[in-house]
Amino acid sequence: MTCATQDLVPQEKTIMMGTALWGWGVDQKTAHAMLDGFALAGGKWIDAAVNYPINGNAQDFGRANEIITSWLKGNPNSGMKVFCKIGAVDNSGEDRSNLGSAAIRTTTDILRGNFSEALKGIGIHWDNRDDIFAIQETVSAMEALHNEGYLIGFSGVRRPDRYAEASPDLARHWWIQIKENASTKAARQHYFPHFPDARYIAYSVNMGGVKMDHRKSEKSSLALRNISEPEIASRLRAFLTDKHTFNPCPRTMNELAILMIFMNRALAGLITGPRTAEQLCETLAFWQQLNEDAVGEKLHQNKSLKALMALSDS
């Protein structure tokens, strides 16, 4: 896959290739083609998890990482980096995990064997525990990885206060993945009081594949998970159909979602989860336009965009 773009690595915000649907809604051929295009466009980060895809089919457990591993072996000089979330013991979507220090070390060693030098970050994937001593053990294991040079992060932690208590010195080093889009910022509000200086990376930015056509695509994440689109979708469609003077101006719901993440100064980047090579090209091309010199500040001064951001806060 080749996208008509230049180097897309942003100066301040990170774009990561999401793999949550790989091996489920995205087959290996398509995934490899998207990684080819992502690498050619200057993309550097793959977001992964040991239990992707989370489709309840035990035979698919870890399939996404197998797809990533096979691409990395075929592209040893790509410079691609992998941030992999660990802890889940199956791909059922249920709260079953092993976050003990031995499990964290063993899983990291296995991932290092699979991804080799491309493994650059480790994250905790879901932690609903209250036990302060168990949480301290987990955080201590993550701190050891941080001291070895790995980026560290988490997603789906119920007690961020206890993570903060376990190691105050780590507070600004966490990469925290949050579900954030025009319809919700609840996850960031949950974490921010305890980690105001952490790096927040948004996922599900396009609300599961909401389109200009209100009918759900059979291939969208909304359809796969059998969930309804959020109420704000109709107002966002109306915004897109209005005439605007700012540039670059989004043409699709996906581009509008990317713009809103870019405009949000509290967010350090996003995880994109395209289903096709064409969707990836659209995302990368628009991301490049947003990261051109002086574009960002002009957008922040635009009145209609300020109104758009206020809409997402209402």
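This is a short tour of a predicted model, moving from its barrel to one helix and then to its core. Residues are numbered from 1 along each chain as its sequence is written, and side-chain values use heavy atoms, with hydrogens and water left out. Local features need pLDDT of at least 70 and side-chain atom pairs count only at pLDDT 80 or more, while totals for chains, interfaces and linings use all residues.

Begin with the strands (DSSP runs of E, at least two residues, numbered from the N terminus, as are helices, runs of H or I of at least four residues). Eight of them, from β1 through to β8, form a closed barrel with parallel pairing, where two strands pair if DSSP finds at least two bridges between them. Select β1 (residues 14-18) and β2 (residues 45-49), which pair in the parallel sense over three bridges, and find methionine 16 opposite tryptophan 45 in β2.

Next, select helix α3 (residues 101-115), whose buried residues (under 20% relative accessible area, with exposed meaning over 50%, partly exposed in between, for a 1.4 Å probe and protein chains only) are Ala103, Ile104, Thr108, Leu111 and Phe115. The face of α3 turned away from this buried side carries the exposed residues Ala102 and Gly113. Just after α3 comes serine 116, with a positive phi near 55 degrees.

Finally, select Trp22, Trp174 and Leu236, the residues with the most contacts inside the largest nonpolar core, which has 83 residues; such a core is a set of buried Ala, Val, Leu, Ile, Met, Phe, Trp, Tyr and Cys residues joined through side-chain atoms within 4.5 Å. Helix α9 (residues 253-263) gives the most to this core, with nine residues.
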